[in-house]
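Q: Hi! Could you walk me through this structure in plain words? I'd like to ask questions as I go.

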Amino acid sequence: MSIVSVSVNSSQSKRDRPAAAYVSWQQALKDAVRDARDLCQMVGIPAPRGMNAGERDFPVFVPRGYIARMRHGDPNDPLLRQVLPLAAEGDSVPGYSCDPVGDVAAAVAPGLLHKYSGRVLIVATPTCAVHCRYCFRRHFPYAEDGKFFHDWQPALRHIEADRSIREVILSGGDPLTIVDERLAELARRLAAIEHVTRLRVHTRVPIMIPERVTDELIGWLRGTRLTPILVLHVNHAQEVDEHVGRALARLIDAGIPLLNQAVLLAGVNDNLAALVALSERLVALRIMPYYLHQLDPVAGAAHFEVDHERGAELVEQMRAQLPGYAVPRYVCEVAGAANKLPIV
């Protein structure tokens, strides 16, 4: 995938490099932390026992700007918990699998998933701006569709042939790790398909690396007849500092609707105060709290599980404190189901 390569000043330790030193999102992506022990040292905690086992299965990748928002010396920091590998990732837990949401069965062309009526999802890249330890695609067979990431034509032919498709979702990996010129080309080609009317982008990059919100990004999102919708992934209010808030405001001011999908995670946001604070922060930034997802049962993530009863109780408690528009829908995804299933 085309990511601009930049060099790091050899006179300055990469471990100590300040997050604010970046002049581009590509530089921030290149300079992300890739070692769990470096991560622990940067946040001032001892390395957890058994950490290496989880790291071998799913490598660490965390932008330094995100690390800067973590509480120093706190091993239970909700941001740290999302990215730090633990020995529990090696546990074999019944019901947890490598393809928990049926992505493989939903593939109708290389890199193209068709699960729900009227919309398809393009797995546009295997690259992410962060490796979340609960990621439902942490075992996805990206290598099998390797050529697709450089040639979207098979997916485009399928979309063009199926006139029931009204919306195309870009996902991954994270589509915003692709350079804007390439994304603009894809948007133009989708806009040339008459029956496609909406382009939805699922991304965590503006949260990890707010420098990614550029004039070029806004230009291609608004540059075709397609209605653009950006779906973010924020799990905790602490993730959205002033820098991130300003970047998201640029998108909203440009007329791009922003929705948020959070995942209910043990030790991260499985309490009323955290969920209310997240919704309050999102609404203050003009972002709609869209979904609160039950954890997808992906192998290696069982230690994040919160049971359905507790999740439903938390959502009901949110309703008592927040206006209806600030309460996300609590849902789960079941392989083969025709839509996301509400949890009541």
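Q: How much space lies in the largest cavity?
A: Good place to start! This is a predicted model, and in it the largest cavity holds about 80 Å³ of space.

Q: And how many cavities of 30 Å³ or more does the count come to?
A: The count comes to one cavity of that size or more.

Q: Which residues line the largest cavity?
A: Among them are Asn 260, Ala 262, Leu 275, Leu 278, Tyr 290, Tyr 291, Met 318 and Pro 328. Several elements contribute: β7, α12 (272-284) and β8 each give at least two residues to that lining.

Q: What's the lining of the largest cavity like by class?
A: Ten of its residues are nonpolar and two are polar, with no charged residues.

Q: OK, pockets now. What volume does the largest pocket have?
A: Its volume is about 1,000 Å³.

Q: How many residues line the largest pocket, and which lie nearest its centre?
A: The lining is made of 45 residues. Nearest the centre are Phe 136, Arg 137, Ser 171, His 202 and Gln 261.

Q: How do the residues of that lining divide into nonpolar, polar and charged?
A: For the largest pocket, the split is 22 nonpolar, twelve polar and eleven charged.

Q: Which strands supply at least two residues each to the lining of the largest pocket?
A: Here they are: β2 (112-116), β3 (119-123), β4 (167-171), β5 (198-203), β6 (227-232), β7 (258-263) and β8 (288-293). The largest share is four residues, and it comes from β2.

Q: You keep mentioning strands. What order do they have in the sheet?
A: The sheet is open, has ten strands and mixed pairing, and its order is β1-β2-β3-β4-β5-β6-β7-β8-β9-β10.

Q: Why is one side of β1 and of β10 left without a neighbour in the sheet?
A: Both β1 (107-109) and β10 (341-342) stand at the edges, where each has a single partner strand, so one side of each has no neighbour in the sheet.

Q: Let's zoom in on β5. Is it mostly covered or mostly exposed?
A: Mostly covered: five of the six residues in β5 are buried.

Q: How many bridges does β5 have with β4, and how many with β6?
A: There are four bridges between β4 and β5, which pair in the parallel sense. Six bridges join β5 to β6, and those two also run parallel.

Q: Which residues stand opposite Arg 200?
A: In β5, Arg 200 has Ile 169 opposite, and in β6 it faces Ile 229. Also, Val 201 stands opposite Leu 230 in β6.

Q: Going back to β4 and β5, what does the chain cross through between them?
A: After β4, the chain goes through helix α8 (residues 180-191) to reach β5. This β-α-β crossover is right-handed.

Q: New topic! How many disulfides does the structure hold?
A: Zero disulfides. Take Cys 40: the nearest cysteine sulfur belongs to Cys 132 and is 17 Å away. Cys 135 is in no disulfide either, and its nearest cysteine sulfur, from Cys 128, lies 5.9 Å away.

Q: Why does Cys 40 count as buried?
A: Because its relative accessibility is 2%, and buried means under 20%.

Terms used. Residues numbered from 1 in each chain as written. Predicted model: local features only at pLDDT ≥ 70, side-chain atom pairs only at ≥ 80, totals over all residues. Heavy atoms only, no water. 1 Å grid on protein atoms, 1.4 Å probe; cavity = no way out; pocket = protein on both sides within 12 Å on 5 of 7 lines; lining within 4 Å. Points joined across faces, edges and corners; volume = space filled by probe spheres on them. Nonpolar A, V, L, I, M, F, W, Y, C, P; charged D, E, K, R; others polar. Pairing = 2+ DSSP bridges. Disulfide = S-S within 2.5 Å. Buried < 20%, exposed > 50% of the residue type's maximum accessible area, 1.4 Å probe, protein only. Right-handed = clockwise from strand over helix to strand, strands pointing away.
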